[in-house]
Amino acid sequence: MQTIYFDNNATTRVADEVFEAMQPYFCDLYGNPSSMHTFGGQVGIQVRQAREQVAALLGCHPSEIIFTSCGTEADSTAILGTLAAVPHRRKVITTRVEHPAVLTVCRDLENRGYHVIELGVDKQGRLDLGELESQLDDDTAIVTIMAANNETGTIFPIEKIAEMVTERGITFHTDAVQIVGKIPLNLSETPIHLLSLSGHKLHAAKGVGVLYVRKGTRIAPFLLGGHQEGGRRAGTENVPGIVGLGKACELAARYMDDENTRVKALRDKLESAILASCPDSRINGDPENRLPNTTNISFEYIEGEAILLMLDRFGICASSGSACTSGSLEPSHVLRAMGVPFTAAHGSIRYSLSRYNTEDEVDFTIEKMPQIIERLRELSPFVGQVSV
Amino acid sequence: MWEYTDKVREHFFNPRNVGEIENADGVGEVGSLACGDALKLTFKLDKDGRIADAKFKTFGCASAIATSSVLTELIKGKTLDEAMNVTNKDIADYLGGLPEQKMHCSVMGREALEAAIANYQGGEVKKHELEGHVVCTCFGVTDVEIERVVRENDLTTVEQVTNYCKAGGGCGGCHGEIEKIIERIQGEKASRRVPPVPQKGRKLTNIQKMQLIQQTINEQIRPALRAHGGNIELIDIEGDKVTVAFRGMCAQCHLAEFTMKDVVETKLREFVSEDIIVEEDKDSVEEGHVHKG
């Protein structure tokens, strides 16, 4: 059976070119880039080149790139490293719709006595910038707000937010793992201090991420024990992962147009066909400002995990914000923050595409969706009972 | 990805007895859209008082649908007394087991059956009746229901209870009470969660007292407030006087003076010291700050 992979916000396929670039660094060029000998030193040159490739995609200086083991490590480093650097400030501002890599850290900080503000969002998942502005004060150590939401694809105006926050002398961090490679970014033109990205979300391997640290930003290291990354992140470099990430960033720049034209057209086709063929379905998120590859659709009266299993039988991979898929008992915190009613939150499905998807795959899914939804609604006691 | 048995998958993809019996002898409804799963069971008796036909409609995940399907298969041909003996374990066993976190689906099946039989016997009652007092307010689970899943499935931890009947799966404010129920039934076998509930009663240094107050707020008070859109911040501790500020929904609540302060004081007295006095710091409440749902 063929696999139709529409779960690219979870992880992506490693690009062939990336895999090829990584291969020599396992069995042949396995030296430690910190070594004095040529054998290790030549590997160091490749790490440097990867740093330049990442910097080129982000529009920053290579010295501003710190390689980490993942996006989560980059997020933790950004938040905890900033707080350690400005110990007299005790307030942290974030949003209710952040990825757990940020939200869980902030809630833990709250338990440790920090004053944490979680900004709410409206029904389409948008922030109220006025509310953000009213919260900024001299006690605020860091504002951490994601660039785009992983579940709905809603994009936040981070350039505007960065200006608002940094003007007040406050550090601004953005978790940009979903946006890098999908929306062009130029860090030389915005005052963002800290930015996290994750390799495996843009066709590099799992186990490598980046924290961008703008020159002059005060941040304490998170991992201690070595001089790597200019003393800002100890630990022997994940050389194959880093080399692959460099290549992936080069490819991302090349395919940026494709993501915003062809991939976006596929997403739009999938979305509008499903909305047309499945009654009582609706989009979650801000249709105006949204990642070009993501659509999150709620199907009333039925439950997401059941939909996913039906899709799975056709080889179609997607994900859901329903409670049952996560093993928790409550549906997605993002959809709940948006005020999506429970009736719709439990039946939400996210399709996230990539440049590897084809029109045939989209057509096949469009053909299968109505029968899946209809089948589950036949089983549901709520169909025709509940008014929404 | 859940590891479902072939039998679960089979009953999910090809559920038996889907639908609603018209003029049914018994109708049972449990769960709700908000809870994430719901089941409506209808049955008809033959002239010998045996269940001649049973049908279901279920909103929920694959295991909820599969357990409903099995339930209807299991009760067909049984008398009502025989059907009453079907336990959630029978349903799960028939399916070759369910993932731990999905056991509540099998319990929902058993509850729907009880509700349908009660409906037949008592006439009006179609909804699952709440017996006992509600322990878990997030999911509306009573002590009677918790006791039953603990007994029937030999449960020893709060986590298991959550898996079997959802109790304790929301704000977590009822974990202490669930623990007490488990201890009452299981005695020695009950395993306490880690870390244990803060213990009072010993002589505390100032630093220990401050830490215990912070810990009590973190573990016993904040989760419950958070579940209702509120929050609490510890502002200061001077001797036995604890100053806190309420945030979010709690800050706007007009009853704050009578409810929140008392709740916090009661908890701190329970876990830290009888002498604790709680005061609310109104000055630190941010103005014009409105949390959105």
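How many residues does H5(B) have, and how far does H5(B) reach from its first C-alpha to its last? H5(B) has 20 residues and reaches 29 Å, close to the 28 Å expected at 1.5 Å a residue. The expected span here is 1.5 Å times one less than the number of residues in the helix. Helices (H or I, at least four residues) and strands (E, at least two) are DSSP runs, numbered from the N terminus.

A few ground rules before going on. This is a predicted model, where local features need pLDDT of at least 70 and side-chain atom pairs count only at pLDDT 80 or more, while totals for chains, interfaces and linings use all residues. Residues are numbered from 1 along each chain as its sequence is written, and chains are lettered from A and ligands numbered from 1 in the order in which they are written.

**Three helices side by side**

| Helix | Residues | End-to-end C-alpha span | Expected at 1.5 Å a residue |
|---|---|---|---|
| H5(B) | 20 residues | 29 Å | 28 Å |
| H4(A) | 15 residues | 21 Å | 21 Å |
| H8(A) | 39 residues | 48 Å | 57 Å |

H8(A) runs over residues 239–277, and its ends fall short of what a straight helix would reach. Look at Tyr255(A): H8(A) bends there by about 50°. That bend is the angle between axes fitted to the seven residues ending at a residue and the seven starting there.

H4(A), residues 71–85, is mostly covered, with 12 of its 15 residues buried. Buried means that 20 or more other C-beta atoms lie within 10 Å of a residue's own; exposed means 12 or fewer, and partly exposed is in between, with C-beta atoms placed from the backbone. Among the buried ones are Gly71(A), Asp75(A), Ile79(A) and Leu83(A). The cover over them includes strand E2 (65–68), helix H5 (100–111) and strand E5 (140–144) of chain A, plus E6, E7 and E8 of that chain.

**Chain B and the cores**

Chain B holds 11 helices and eight strands. Of its 293 residues, 42% are buried. Contacts (C-beta atoms, placed from the backbone, within 7 Å) often link distant parts of the chain: among those in chain B with a separation of 6 or more, 56% join residues 24 or more positions apart.

Back to H5(B): 15 of its 20 residues are buried, so this helix is largely enclosed by the rest of the structure.

A nonpolar core is a set of buried Ala, Val, Leu, Ile, Met, Phe, Trp, Tyr and Cys residues joined through C-beta atoms within 7 Å. The largest one has 84 residues, and those touching the most other members include Ala306(A) and Ile307(A) as well as Ala62(B), Ile146(B) and Ile178(B). H5(B), residues 103–122, gives the most to this core, with nine residues. Apart from it lies another core of 73 residues, including Ile66(A), Ala162(A), Ile192(A) and Ala248(A).

Ile178(B) is worth a closer look. Beyond its neighbours within four places in sequence, Ile178(B) contacts Val135(B), Ile146(B), Val158(B), Val161(B), Ala167(B) and Gly168(B).

How do H6(B) and H7(B) sit? H6(B) (residues 143–153) and H7(B) (residues 158–165) pack at about 105°, with their axes 10 Å apart. Axes are lines fitted to C-alpha atoms, for helices over the stretch in contact, and angles run from 0 to 180 degrees between N-to-C directions. The two helices are therefore roughly perpendicular, a label for angles of 65 to 115 degrees (under 35 is roughly parallel, over 145 roughly antiparallel, and the rest oblique). Where they meet, H6(B) brings residues including Ile146(B) and Val149(B), and H7(B) brings Val161(B), Tyr164(B) and Cys165(B).

**Where the chains touch**

The contact takes 30 residues from chain A and 30 residues from chain B. On the chain A side, H9 (304–313), H10 (323–326), H12 (342–345) and H13 (359–379) each supply at least two residues.

**A few single residues**

Two non-glycine residues have a positive phi. Glu229(A), with phi near 50°, is in the loop between E8 (209–213) and H8 of chain A and is buried, with 20 other C-beta atoms within 10 Å. Asn23(B), at about 50°, lies in the loop between H1 (6–13) and E1 (26–32) of chain B and counts as exposed, with 6 C-beta neighbours inside 10 Å.

Notes
Two residues are in contact if their C-beta atoms, placed from the backbone, lie within 7 Å.
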